[in-house]
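Work through the two exercises below with the sequence and the model open beside you. Each task is followed by a solution in steps.

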Amino acid sequence: MSKFWNERVKKLEPYVPGEQPKDQKYIKLNTNENPYPPSPKVIEAIKAAANFKLKLYPDPNCDSLRRVVADYYNISEDEVFVGNGSDEVLAFSFMTFFDSKKTVFFADITYSFYKVYTNLLGLKCELIPLKDDFSIDVDGFLKENGGIIIPNPNAPTAKYIELNDIKRIIEYNFNSVVIVDEAYIDFGGESAVGLIKEYPNLLIVQTLSKSRSLAGLRVGFAMGDSKLIEGLLRVKNSINSYTLDRIALAGAEAAFKDKEYFQKTREKIIITRDRVTNELRKNGFKVIESKANFIFISHPKILAEHIFKELKKKGILVRYFNAERINNYLRVSIGNDEEMDKFVEKIKECVIE
Ligand SMILES: *Cc1c(COP(=O)(O)O)cnc(C)c1O
């Protein structure tokens, strides 16, 4: 604390990202990174972009990348916004669309950054409790609000929400913006992007960090009615015109163009996830049905915190949240087959009676 911080900063409670340890080599299953490297074409494009042109500013409108994303989803360029990771895109979205006179809605168990943004921006929020099985309470979202954010699949539960349920929420709330955070949609869910032409209050946010193995490049994007996108551009251009550098733009474009590599790696992760889910269930674990690149697990007899600590001693990092309702669960990112075999072997040792 310092007297030089303003009152708002003194009250902030920033997001705490999963550890990136430097002390020893762990099998890292704690931050939902992709175990596979980015497409070789991405590396090529990045190398080619490292040239004399770095002395020049990048394109502030990111036209070329927006066109590539628009083509991929069969929408128009002015329905796409790109930014420095989806966390930034989400922060801009909260600033642009959420109403400080009303209350913003999100689930009680969800991505913890949402709470951080509402605090930072002085927005009021109401937490809509998930049902006992961690499914979303659609009816809870059907009342007056100043904006809604829903991740699909949800984090950290990995639970997928059917598009019909999302649709009910968007339809009822035609006077406020509904953001669907699809960070994990490529691992088996169906994107709601097909609904943006029908619903001018729907904003879809996605990232290249998970399904395209580019957490280190920092690229995220939003898709929605062109009037929503125009609002995001206004805010972005009032803070920083150049949120994406030349290297990131080149790498992101190449990632979207290499559809084959993308299909191959995401399918591998889905197969590994389903295999590990079965093995854990056979060994007495409760595993919530996942459509993400991570699973949310608990054991009926051994405490999650204990398993977390034991796994760490054995060289495996997973994520434990000491928060109400989920403090007996572990979130485990899906690594490659070798890493997951090791994980299953070690976690079995933790629960032997
Ligand atoms: C990982 C994640 C993000 C952030 O992704 P970046 O693009 O790396 O900033 C956003 N939302 C959810 C739910 C996530 O899990």
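The exercises concern the surroundings of the ligand and one sheet. The model is predicted, so local features need pLDDT of at least 70 and side-chain atom pairs count only at pLDDT 80 or more, while totals for chains, interfaces and linings use all residues. Residues are numbered from 1 along each chain as its sequence is written, and side-chain values use heavy atoms, with hydrogens and water left out.

**Exercise 1.** Identify the residues around the ligand and examine its polar contacts (pairs of N or O atoms within 3.5 Å).

*Solution.* Begin with the residues that have a heavy atom within 4 Å of the ligand: they include Gly85, Tyr111, Thr207, Lys210 and Arg218. Next, take the ligand's oxygen atoms: one lies 3.0 Å from a backbone N or O atom of Asp87, and one is 2.5 Å from an N or O atom in the side chain of Tyr184. Then turn to a nitrogen atom of the ligand, which lies 2.7 Å from a polar side-chain atom of Asp181.

**Exercise 2.** Determine the strand order of the open sheet and locate its edges.

*Solution.* Start from strands, which are DSSP runs of E with at least two residues, numbered from the N terminus, and count two as paired if DSSP finds at least two bridges between them. On that basis 4 strands follow the order S9-S10-S13-S12, with antiparallel pairing. The edges are S9 (286-287) and S12 (319-320), each of which pairs on one side only. Finally, inspect S9 and S10 (residues 294-298), which are joined by 2 bridges; Val287 has Ile297 in S10 as its bridge partner.

How values were computed: Polar contact = N/O pair within 3.5 Å; in protein donor to acceptor, adjacent residues only side chain to side chain.
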